[in-house]
Amino acid sequence: MKDWSRRHVLRATAGAAIAVPMAALGGGRTTAAKPASSVAASPQWSGDHAAADTGPVMFCIHDAQRGEVSILHGTDEVIVHDRQLVARIMQAAHSSATVSQKA
Amino acid sequence: MSSHREAPEISKDPVADNTDTYAFISPDKPDTVTIISNYIPLEDPAGGPNFFEFGDDVLYRINIDNNGDGKADVAYEFRFDTKIRNAETFLYNTGPIASLTDPNFNRPQTYTVTEVRGTRRRQLKRDIPTPPCNIGPRSTPNYAKLANAAITPLGGGISVFAGQRLDGFYVDLGSVFDLAVLRPFQNLHLIPSPATGGVNALRSFNVHTIAIQVPIGALTRNGKTPTDVFDPKAVIGVWASAYRQKGRYQDNNRSYSTGAFTQVSRLGNPLFNEVIVPMSRKDKWNRLEPSQDYQFAKYVAQPELAKLLPVLYPGVFPNLAALTADRADLLAILLTGVPKGVIPGFQNFTGPKQADMLRLNVAVPPAATPNINGILGGDLAGFPNGRRVFDNVVTIELRAVAGQTYPLIDKAFVPDGAAGLIFDVIGGGNTPPPSVSYLDVFPYLDHPVSGYNTVPLDQSA
């Protein structure tokens, strides 16, 4: 798994350039543990269509109160829990001035 | 329809909308199983200049459960890739397309097949060609030859085909969705009208087919080809599913998908999500795998349609109206398979786990003289033992819901006379409507009708 950081997340998405401290985040893929005999319910595709490491990164915050960010990259999803990070993203999302400056 | 536009969300996403799934012992190669999943409902053959194609951003999967837990043990994944040969024309083809590599074919689509067993993934082949859509005699002059060239062996006795086909499913849509009118019984309906013959609403429409033919031993639990119908390992569960990546981004300059794949469509038994599951839960159903179908069992046990029939046809279904017990017959047919001892010489029971899958007993050989009404017609090789391309599934399921299969679990129950007379599109008998046709060989669904040669709203059934 990649060494995700807040800066990495923010820089790689939508051209955002909000200054945040560099910090490694704990995260985990969403694939649940399963018996080896069954095929994963969601495909674990890693073929030619998978985006390279240089591909786009998207993230989604479904519930800011929980401090949880879903990061989508290639054919993976990584869930990161970081209330500070979420707070900064939400602050940026509600700041039209910040968005327009960076647009 | 079987599953064409069956749920609110997927009806807006045709390339991922699974319309039909079939699983049967290949009649001409009885040591193999053929599994077919169709997508893109109601393709108007003349729908150019951007003719129909699979989604490059969709992952298609065919799933096989061989231990009855409602989870896939073997899966085949299909991913497509589309090229444009001539970037300076709006045309799909710049002249007659004589071969799959013809430079006149301006928008060729290829695909990759990956086999998944547990956590092991193996790419079987990449850059497999698909045929163009059937446009007309000038653009696709020898369509059968063109399409047949796209049937591709993958090694290990496996063959695949992906491309446009004539929709082999038939249903009187205009009738059944007009408050469950069953032509020619309109005169008995609560809102009566003169009786007329049935109409195949899918006549002259194409679909996009993914078909794979696999040796039986590659799908069963122990890798063997069973010959004993009552061997529990002789039954496999089959369903198809489609996935999109969770993230989709669009602006003026670019669009892309990224992130993990999430299921957006699935299909095992025809009409399950369409007719059994309430509208408010259809989208949820499409996102689950069969192992979680216990939560929909109550809709099978007390199907809404069985309550509606006696109301819409006053006095026609009195025994059905009086039947209040849970429908153990339907629960078996759709969610667990039929256990030994219910139908002489047959079982397709996969255990107590309730899961909507086509259940195919691979020890039942193909019928020498198939009956399109499947097991209800005395043909153990037909639906609901898997599903063949010509099986009359709407009639079979309508009759089952109307009570004709309830005596299987309660011999005291006498079905209403009308239950055995219900038919959809065709007037009984053992022949599909004249508007559909099939092939005797893989991929069994017939070549698509062409845009040039198809007359819209042709009234022939």
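Student: Which residue of β5(B) does B:V74 stand opposite?
Tutor: B:V74 faces B:R117 in β5(B). This is a predicted model, in which local features need pLDDT of at least 70, side-chain atom pairs count only at pLDDT 80 or more, and totals for chains, interfaces and linings use all residues. Residues are numbered from 1 along each chain as its sequence is written, chains are lettered from A and ligands numbered from 1 in the order in which they are written, and side-chain values use heavy atoms, with hydrogens and water left out.

Student: What makes β4(B) and β5(B) a pair?
Tutor: Two strands pair if DSSP finds at least two bridges between them. Nine bridges join β4(B) to β5 (residues 109-117) of chain B, and the two run antiparallel. Strands here are DSSP runs of E, at least two residues long; helices are runs of H or I, at least four; both are numbered from the N terminus.

Student: How many bridges join β3(B) to β4(B)?
Tutor: Five bridges link β3 (residues 58-65) of chain B to β4(B), again antiparallel. One partnership there is B:N63 with B:A75.

Student: Why is β4(B) called largely enclosed?
Tutor: Buried means under 20% relative accessible area, exposed over 50%, partly exposed in between (1.4 Å probe, protein chains only). Eight of the nine residues of β4(B), residues 74-82, are buried, so the rest of the structure largely encloses this strand.

Student: What about helix α8(B): how many of its nine residues are buried?
Tutor: Eight of the nine residues of α8(B), residues 328-336, are buried, so this helix too is largely enclosed by the rest of the structure. Among them are B:D329, B:L330 and B:T336. The cover includes α3 (272-276), α5 (297-301), β12 (358-361) and α9 (393-401) of chain B. After α8(B) comes B:G337, with a positive phi near 90°.

Student: How do you know whether B:H189 is buried or exposed?
Tutor: Its relative accessible area is 5%. The cut-off for buried is under 20%, so B:H189 is buried. B:H189 sits in the loop between α2 (173-176) and β9 (206-215) of chain B.

Student: What polar atom pair involves the side chain of B:H189?
Tutor: A polar atom of that side chain lies 2.9 Å from the backbone nitrogen of B:I191. A polar contact is a pair of N or O atoms within 3.5 Å; within protein, one must be able to donate a hydrogen and the other to accept it, and residues adjacent in sequence count only if both atoms are side-chain atoms.

Student: Which residues does B:H189 contact, beyond four places in sequence?
Tutor: B:L179, B:A180, B:V181, B:L312 and B:Y313. Contact means heavy atoms within 4.5 Å.

Student: Where is B:L202?
Tutor: B:L202 lies in the loop between α2 and β9 of chain B. At 1% relative accessible area, B:L202 is buried. B:V171 is 31 residues away in sequence, yet 6.9 Å away in space, C-alpha to C-alpha.

Student: How many aromatic pairs does a search of the whole structure find?
Tutor: The search finds 16 over all chains. One of them, B:F54 with B:Y60, has centres 5.5 Å apart and 75° between the planes.

Student: Why is that pair called edge-to-face?
Tutor: Rings of Phe, Tyr and Trp (its six-membered ring) pair if their centres lie within 6.5 Å; planes under 30 degrees apart count as stacked, over 60 as edge-to-face and the rest as tilted. The 5.5 Å and 75° meet both tests, so the pair is edge-to-face. B:F54 is buried at 2% relative accessibility, and B:Y60 at 1%. Both belong to a cluster with B:Y39, B:F78, B:F80 and B:Y111.

Student: What makes B:R138 count as lying over the ring of B:Y452?
Tutor: NZ of Lys or CZ of Arg must be within 6 Å of the ring centre and within 35 degrees of the ring normal. B:R138 lies over the face of B:Y452, at 4.6 Å from the ring centre. Likewise, B:K340 lies over the face of B:F230, at 4.9 Å.

Student: In what order do the five strands of the open sheet in chain B stand?
Tutor: The order is β1-β2-β9-β8-β7, with antiparallel pairing. β1 (18-25) and β7 (152-155) are at the edges, each with a single partner strand, so one side of each lacks a neighbour in the sheet. Inside the sheet, nine bridges join β2 (residues 32-43) to β9(B). There, B:N38 has B:T209 as its bridge partner.
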